[in-house]
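I opened a fresh page to record what I looked up in this model. The entries follow the order in which I checked things.

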Amino acid sequence: MRYAQGGGLTDAERAARERIRLQAVERFEGGEKNREIAAALRVSERSVERWRRAWRERGEVGVRSKGSTGRSLGPDQIVRLERELERGSLAHGWADQRWTLARVKTLIGRLFHVSYTVEGTWRLLKRHGWSWQQPARRAIERDDAAVEGVEGGDLAAGKSIAAALGAWLVFEDEAGQSMTPSRARTWGRISQTPVVRVRGRGSGRVSMSGMTCYKPGERSRLIYAVREYRGRKGEPKGFGWRDFRDLIIRARTQLGGPIVLVWDNVRLHLTKPLREFIEANAAWLTVFQLPAYAPDLNPQEGIWSLVKRDIGNLAAADLGHITRAVKHRLKQIQYRPDLVDGCLAATGLIMDGLPAG
């Protein structure tokens, strides 16, 4: 099937290209060499060779741009294209979840019977606010309907209770770091991938539990606990329910008021002793749970991202080196309430009296 041509160029760009071709014809007639013409017109010698061949065969008509024999996409078609792109490449038959220029070009042909060049597709996407990005990950098991209802459901109720009681809205989450550091971007020579050297021996893990705390009119806070696991007999691998209980009590002491706690529904958060502790302290502690597989709604995840970015490519000498680096970065963030506020803004959740972004 032949599609109409639409290169994604504006009328001004097409006119400029046409002028360059006509100037090339004049220089052909003047006997100039291809290299001289390419340098003067700032085009490739290959293009000049192609134009000269067409000029010899068909004269000036052969060199002139054929232009658009059909049409480019109109506003309504652009809206439809963006809607289809947002559905993802899986919905259109590709095996993975990448949108490449070649695939978008193919999709345009399927939907509108208009053939764009790869360059034209790039121009079209850039013109309408699309860019080449590294995607974030999201669990397939995530219930998007539940996540979309958070603002109008439990979390909205939690914010209302916090406002009515003059309580702190506290988000809790855990993270861990092994001896192998996360990889961070670094400069290197083209075609030579930089290598981060890490110790092949050594075991252990640093467990982190943190709370980002918000209250209108108060400086946002970060409260955390760090624990090392070195693989010794009888040593706990991470945090237990007593550790969570103690962290909640410490938060109440430091914040000096009631707490509305928001966390996920991991098994440790649902243990019987912890539930009994929450019920026994209902006078100052209210707990809400986030939907499953929704870390992007928890500002504490933003804190972990800041920490791991800072220790990226770290060649740790031992587990203690990792622990010191983690504690140092967390201590720095404690003195930067703007970073703690920014982590809340990044979730898209809004709390009256706090920065929204």
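**Lining of a cavity**

I sorted the residues that line the second largest cavity by type: five are nonpolar, one is polar and one is charged. The model is a predicted one. I then listed the lining by name: Ile 78, Leu 81, Glu 82, Leu 124, Leu 125, His 128 and Trp 130. The elements that supply two or more of these residues are α5 (75-87) and α7 (118-127). The most comes from α5, which gives three residues. I noted the volume of this second largest cavity as about 30 Å³. My search covered the whole structure and turned up two cavities of 30 Å³ or more. As a reminder to myself, a probe the size of a water molecule, rolled over the atoms, shows where empty space is left.

**The chain overall**

I counted elements next and found 14 helices and seven strands in the protein chain. The chain has 357 residues, and 37% of them count as buried. I also looked at contacts with a separation of 6 or more, and 69% of these join residues 24 or more positions apart.

**The five-stranded sheet**

In what order do the strands of the open sheet lie? I read the order as β5-β4-β3-β6-β7, with mixed pairing. At the edges are β5 (221-229) and β7 (285-289), each of which pairs on one side only. From one strand to the next the twist averages 20 degrees. My textbook note here is that strands of a sheet pair through backbone hydrogen bonds, either parallel or antiparallel.

I went through the pairs in turn. Strand β3 (residues 168-178) and strand β4 (residues 205-214) are antiparallel, with 10 bridges between them. In this pair, Leu 169 stands opposite Tyr 214 of β4. Strands β3 and β6 run parallel and are joined by four bridges. Trp 168 has Ile 259 in β6 as its bridge partner. Strands β6 and β7 also run parallel, joined by five bridges. There I found Trp 263 opposite Gln 289 in β7.

**Strand β6**

Is strand β6 mostly covered or mostly open? I found that β6 (residues 259-263) is mostly covered, with five of its five residues buried. In a regular strand the side chains alternate between the two faces of the sheet. I wrote down the two sides of β6: Ile 259, Leu 261 and Trp 263 are on one, while Val 260 and Val 262 are on the other. Both faces are covered, and the residues on both sides are all buried.

**Helices on the sheet**

I checked which strands helix α13 (residues 319-334) crosses, and they are β3, β4 and β5. The helix runs at about 175 degrees to β5. Helix α14 (residues 337-347) packs on the sheet too, where it touches β3, β4 and β5. Its direction makes about 85 degrees with that of β4.

**Ile 333**

My last entry is on one residue of helix α13, Ile 333. Why does Ile 333 count as buried? Ile 333 counts as buried because its relative accessible area is 0%, and buried means under 20%. Leaving out residues up to four places away in sequence, Ile 333 touches Leu 222, Ile 303, Leu 306, Val 307, Leu 339 and Val 340. I looked up the spacing to Val 307, which is 26 residues away along the chain: the C-alpha atoms of Ile 333 and Val 307 are separated by 8.8 Å.

Methods: Residues are numbered from 1 along each chain as its sequence is written. This is a predicted model: local features need pLDDT of at least 70, side-chain atom pairs count only at pLDDT 80 or more; totals for chains, interfaces and linings use all residues. Side-chain values use heavy atoms; hydrogens and water are left out. On a 1 Å grid over the protein atoms alone, a cavity is a set of points where a 1.4 Å probe fits but cannot get out, and a pocket is an open set with protein on both sides within 12 Å along at least five of seven lines; lining residues have an atom within 4 Å of a point. Grid points are joined across faces, edges and corners, and a volume is the space filled by probe spheres set on the points. Ala, Val, Leu, Ile, Met, Phe, Trp, Tyr, Cys and Pro count as nonpolar, Asp, Glu, Lys and Arg as charged, and the others, Gly among them, as polar. Two strands pair if DSSP finds at least two bridges between them. Axes are lines fitted to C-alpha atoms, for helices over the stretch in contact, and angles run from 0 to 180 degrees between N-to-C directions. Contact means heavy atoms within 4.5 Å. Buried means under 20% relative accessible area, exposed over 50%, partly exposed in between (1.4 Å probe, protein chains only).
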